[in-house]
Amino acid sequence: MKNPPVAGRFAPTALMLGNLVTGCSVLAPAGMLPELAGGLDVSIHAAGLLITFGAVTLCIGSPLTAWLTSRIERRTLLSATLAVLALGNLASAFAPDYTSLLVIRLVMLAVGALYTPQAAGTAALIVPAERRGSTIAYVFLGWSLAAAVGLPLITFIASRYGWRAAYGEIGVLGCLSFVLLLLRLPAGLQGVPVDLKTWGEVGRDTTILLLLAITMLHMSGQFVIFTYMGPLLNKLTGAGPDAIGTVFALYGICGFLGVVIATRIVDTWGPYRTSLLFTCLLLAGVTGWAIGAGTLAFMTCGVAIWGLGFASTNSMQQVRLVAAAPSLASATVALNTSVLYIGQAVGSAIGGLLFARGLLHTLGFVAVGFVALALILVVLTRPQQAAATA
């Protein structure tokens with residue numbers, strides 16, 4: 001199949017900015033839990049369920065929408081998805097109560113679930129094979145920017161102007177990203193259709209299943225803490241909104257740096273070694289948080305190290321899945337995004353239960369356990385070629 005003309009570096013950039021909008025849409029409640037709880041007259045645990053229920057919707061929606069939409073031209077599909085995300089966030093700004101906000105969020109994310117996996121698959125279509133790994137990692141910079149810039153801005157705006165203004169900010173950004181994607185992404189891009197036979201082939205591939213388990217485990221570990229990071233910092237150290245926003249910014253900036261480094265080294269190091277490096281950093285950072293809980297400086301240092309690994313580990317998972325079975329990439333990338341959201345749902349649910357019971361220090365050690373299991377599986381999925389040359 002011949003690819004249509006490619007719009008240079010701007011097409012990957014348009015895809016990356018769409019991930020920024022998606023990341024902000026998914027992560028937004030974490031940056032303003034106290035404001036949501038106060039404004040909607042619910043507990044912080046209930047506000048955190050916006051992330052948990054949203055993640056459940058995303059994990060179901062990602063493979064389902066990949067199957068239902070795999071024959072739709074990519075620019076049409078991705079731009080329509082961004083339009084729904086933009087309108088959903090604008091509607092959230094006017095939600096009259098908690099139930100309305102939850103319903104809007106679930107509908108918005110049910111459609112938005114397809115953006116990240118389809119953006120990764122589309123990135124693979126518009127660059128040569130030798131640049132595929134670095135381009136997919138670049139597209140995932142959008143998620144790093146969502147944490148580096150989006151979450152601190154959400155925390156800043158929500159603490160001063162309210163949670164409705166924060167949702168409005170994301171909606172406007174979504175509108176701008178929608179226009180850019182229409183202008184920059186080439187028309188006529190078609191991926192490999194996903195059918196039931198494809199899912200069967202994925203289910204019989206042990207390596208793919210182990211790679212998917214890695215994603216679920218490391219995301220579960222991170223979201224045990226991340227969902228309630230703001231309230232945890234407040235309760236354990238007395239940090240206010242500005243200090244919490246600074247920690248979110250440091251987390252995101254380090255995440256951005258991590259993906260930049262991963263993008264630079266993956267084509268020479270290979271996805272396995274790159275993945276191993278950043279999973280180790282992830283474990284070191286979460287361990288630092290757990291051990292240093294109660295001291296802002298130690299917790300902040302842990303967040304910085306953790307940040308280096310949080311987005312780069314997932315982008316490397318996408319690259320490893322594409323490399324493991326290129327013909328199944330449409331399905332495996334969608335499934336990876338699905339289990340990523342399963343991890344978010346599991347982690348945020350466990351974190352919420354522990355938070356509600358006042359077991360604030362325990363959250364960190366539960367997170368360490370999940371990430372340690374992920375690292376063990378990374379080692380177990382070492383490619384034969386890498387083992388032979390090491």
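Where is the place of Asp41? In this predicted model, Asp41 sits in the loop between α2 (33-40) and α3. The residue stands out for its backbone: Asp41 has a positive phi of about 60°, although it is not a glycine. Asp41 also counts as exposed, because its relative accessible area is 73%, and exposed means over 50%.

With that loop as a starting point, the overall make-up is easy to set out. The protein chain has 18 helices and zero strands. Of its 390 residues, 58% are buried. The chain exposes about 14500 Å², and carbon and sulfur atoms supply 70% of that area. As for how the chain meets itself, take the contacts with a separation of 6 or more: 85% of them are between residues 24 or more positions apart.

Next comes the inside. In soluble globular proteins, nonpolar side chains tend to be buried together. Here, the largest nonpolar core has 120 residues. Those with the most contacts inside this core are Leu15, Met32, Leu36, Phe226, Met229, Leu232 and Trp306. Phe226 gives a feel for how such a residue is surrounded: leaving out residues up to four places away in sequence, Phe226 touches Leu27, Ala30, Leu151, Phe248, Tyr251 and Trp306. Phe226 turns up again among the rings, where ring pairs link Phe223, Phe226, Phe248, Tyr251, Trp289, Trp306 and Phe310 into a cluster.

Leu15 comes back too, this time through Leu78. Leu78 is found in helix α4 (residues 74-92), and it is buried because its relative accessible area is 0%, with buried meaning under 20%. Apart from its neighbours within four places in sequence, Leu78 is in contact with Leu15, Tyr115, Gln118, Ala119, Thr122, Leu181 and Leu185. Leu78 and Phe178 are 100 residues apart along the chain, yet their C-alpha atoms are separated by 8.5 Å.

A polar residue can be tucked away as well. Asn314, in helix α15 (residues 296-324), counts as buried at 6% relative accessibility. Setting aside residues up to four places away in sequence, Asn314 touches Phe140, Thr215, His218, Asn336 and Leu340.

Now for the aromatic pairs, of which the count comes to eight. One of them joins Trp163 and Tyr167 edge-to-face, at 6.1 Å centre to centre and with 90° between the planes. Both residues lie in helix α9 (residues 163-184), four residues apart, which is about one turn of the helix. Neither side of this pair is left in the open: Trp163 is buried with a relative accessible area of 5%, and Tyr167 counts as buried at 2%. Tyr228 and Phe355 form another aromatic pair, but a stacked one, with 5.2 Å centre to centre and 15° between the planes. Tyr228 lies in the loop between α11 (206-226) and α12 (229-237), while Phe355 is in helix α16 (residues 329-356), so this pair ties together parts that are 127 residues apart in sequence. Tyr228 and Phe355 are both buried.

What about charges? Side chains of opposite charge can pair when their charged atoms come close. A search of the whole structure finds one salt bridge. The side chains of Asp242 and Arg160 meet there, at 2.9 Å from N to O. Asp242 lies in helix α13 (residues 241-269) and Arg160 in helix α8 (residues 141-161), so the salt bridge ties together parts that are 82 residues apart in sequence. Both partners count as partly exposed: the relative accessible area is 47% for Asp242 and 40% for Arg160.

Last, the outside has a nonpolar spot of its own. Val56, Ile60 and Leu64 make a nonpolar surface patch of about 250 Å². Ile60 is found in helix α3 (residues 44-69). Is Ile60 buried or exposed? Ile60 is exposed, because its relative accessible area is 52%, and the cut-off for exposed is over 50%.

Methods. Residues are numbered from 1 along each chain as its sequence is written. This is a predicted model: local features need pLDDT of at least 70, side-chain atom pairs count only at pLDDT 80 or more; totals for chains, interfaces and linings use all residues. Side-chain values use heavy atoms; hydrogens and water are left out. A nonpolar core is a set of buried Ala, Val, Leu, Ile, Met, Phe, Trp, Tyr and Cys residues joined through side-chain atoms within 4.5 Å. Buried means under 20% relative accessible area, exposed over 50%, partly exposed in between (1.4 Å probe, protein chains only). Contact means heavy atoms within 4.5 Å. Patches are made of residues with over 30% relative accessible area and no salt bridge: like charges are joined within 9 Å, nonpolar side chains (Val, Leu, Ile, Met, Phe, Trp, Tyr) within 5 Å. Accessible areas come from the Shrake-Rupley method with a 1.4 Å probe; for residues, only the protein chains shown count as cover. A salt bridge is a side-chain nitrogen of Lys or Arg within 4 Å of a carboxyl oxygen of Asp or Glu. Helices (H or I, at least four residues) and strands (E, at least two) are DSSP runs, numbered from the N terminus. Rings of Phe, Tyr and Trp (its six-membered ring) pair if their centres lie within 6.5 Å; planes under 30 degrees apart count as stacked, over 60 as edge-to-face and the rest as tilted.
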